[in-house]
Amino acid sequence: MFCSSSKLLKTFIGHTSTIWTIDYSTFNDSQYICSGSQDCTVRVWDIDNNKQIKLFNGHSNAVTCVKFVSYYRHYHKVNNCLPIVCSSACDSTIRFWDFETTGQFQVLNGHTNWIFGIAFSSFNNGRYLCSASKDSTIRLWDVETFKSLHAFSGHTNAIWCVEFSPLQNSNDNKDKRNGVGVIGGNGYTICSGSWDNTIRLWDIETTKELTIFKGHEGCVRSIKYSQYETNIICSGSEDKSVRLWDIRSKQEIHVFRGHTNNVYTIEYLPFVSNDNKESDGTSMVNANIICSGSNDNTIRFWDIRTNKQLHLIKGNDNGDSGIISLKCAQLKNKEKKNKSNDDSPCSVNLCYGSLNGPIRIWG
């Protein structure tokens, strides 16, 4: 579990309003967080040096989702040592940003209302992008051609979150790396959560709606496929609950209750086995643990096996006012890298974005 001895390690100040989204990446042997905010900006933070290094201006409304993009390291003619940043916003656009110049080099238009969540495909090295909108559609995009491939319709209200199913196996990824074959073949799906209180599952290859999960009594703010248990989906909602769903039986498995306000974000803790030869010796198996962030200003950790709450972290009483976005990562502490006697009990770091604007890292 996430250690009860964990503590606040870093705080990043710069955004002036709600942090709707954060992402994490490493490149050039450094660690970075990307964030998007109600203040209409996208920012990148150097974790090791504890400072903001990039500011992307261009959106005319709240930035709702940001992602570091790996696909362009293989395709787009930019410096391969630097990432691309993608963002969606309530100005109904998706924008791609050049990390070096901080300028946007592509804008995707197609949605007719606010765009909330975006996700990149687990297959084809992330060549495909899906987006969720207030126009009640999910769009599938090819980021090599910047074309909209399909609009999924079925939700009866705004769609807040969307995810691709996990990569099925490495051979499938190799076969599809060059775009050979049908998009999303071999059973890949998209999952979406909406203000209509439902979660819907879509087949990418046939573009058909497969399943509707009903049970939440409020907007579904966050959904995640389990990376470790096939056919399991986790969701967080404005009904203050976190729920697990079985894709095969199309049934709700369990409801986690404890939050006293809207649940905005959920994450599975990273899974690292002690059997991994690259393990640093402090790794733990976290496959059965999920965490959730809420407007009640807490992060709660849940054990899927026992269906119980394991641990709780409170946000800063004066500075946060709510936990809106989460990202789990195993950050490298360069100061301890060469110390053989490092006995730090925790292997997981938790980055969160708050209602008031600070971004904080616990570990």
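A cavity here is a set of grid points where a 1.4 Å probe fits but cannot get out. Keep in mind that this is a predicted model. With that rule, the count comes to one cavity of 30 Å³ or more, and the volume of this largest cavity is about 380 Å³.

**The cavity and its walls**

Who sits around that enclosed space? The largest cavity is lined by 26 residues, and Trp 20, Thr 21, Cys 65, Ser 222 and Lys 224 are the ones closest to its centre. Plenty of strands chip in: β2 (19-27), β6 (63-69), β10 (115-120), β14, β18, β22 (263-268) and β26 (323-329) each give the lining at least two residues. Sorted by class, the lining holds 13 nonpolar, six polar and seven charged residues.

There's also an open space to look at. The second largest pocket has about 310 Å³ in it. Its lining is made of 17 residues, with Ser 165, Pro 166, Tyr 225, Thr 230 and Asn 231 lying nearest the centre. Eight of the lining residues of this pocket are nonpolar, eight are polar and one is charged.

**Salt bridges**

Lys 224, one of the residues closest to the cavity centre, also turns up in a salt bridge, with Glu 163 as its partner. What does this pair tie together? Lys 224 belongs to strand β18 and Glu 163 to strand β14, so the bridge links parts that are 61 residues apart in sequence. Both Lys 224 and Glu 163 are buried. As for the background, side chains of opposite charge can pair when their charged atoms come close.

The model has 17 salt bridges by the rule used here. Three of them are set out below.

| Salt bridge | Closest N to O distance |
|---|---|
| Lys 224 and Glu 163 | 3.4 Å |
| Arg 200 and Glu 209 | 3.1 Å |
| Glu 252 and Arg 243 | 2.8 Å |

Is Arg 200 buried or exposed? Its relative accessible area is 8%, so Arg 200 is buried, given that the cut-off is under 20%. Its partner Glu 209 is partly exposed, at 34%. In the bridge between Glu 252 and Arg 243, Glu 252 is partly exposed, with a relative accessible area of 33%, while Arg 243 counts as buried at 4%. Elsewhere, Arg 127, Asp 142 and Glu 144 are joined into one network by salt bridges that share partners.

**The nonpolar cores**

Now for the greasy parts. In soluble globular proteins, nonpolar side chains tend to be buried together. Here the largest nonpolar core has 20 residues, and those touching the most other members are Cys 191, Ile 199, Leu 201, Phe 213 and Ile 233. Which strands feed this core with at least two residues each? They are β14 (159-164), β16 (198-203) and β18 (220-225). The top contributor is β18, with three residues.

Phe 213 is a good residue to click on. Setting aside neighbours within four places in sequence, Phe 213 is in contact with Asn 197, Thr 198, Ile 199, Leu 201, Ile 233, Trp 245, Asp 246, Ile 247, Lys 250 and Gln 251. Among these contacts, Ile 199, Leu 201 and Ile 233 also appear in the list of core residues that touch the most other members.

A second core, separate from this one, has 15 residues, including Ala 119, Ala 132, Leu 140 and Val 162.

Technical notes:
Residues numbered from 1 in each chain as written. Predicted model: local features only at pLDDT ≥ 70, side-chain atom pairs only at ≥ 80, totals over all residues. Heavy atoms only, no water. Core = buried A, V, L, I, M, F, W, Y, C linked by side-chain atoms within 4.5 Å. Buried < 20%, exposed > 50% of the residue type's maximum accessible area, 1.4 Å probe, protein only. Helix = DSSP H or I, 4+ residues; strand = E, 2+ residues; numbered from the N terminus. Contact = heavy atoms within 4.5 Å. Salt bridge = Lys/Arg side-chain N within 4 Å of Asp/Glu carboxyl O. 1 Å grid on protein atoms, 1.4 Å probe; cavity = no way out; pocket = protein on both sides within 12 Å on 5 of 7 lines; lining within 4 Å. Points joined across faces, edges and corners; volume = space filled by probe spheres on them. Nonpolar A, V, L, I, M, F, W, Y, C, P; charged D, E, K, R; others polar.
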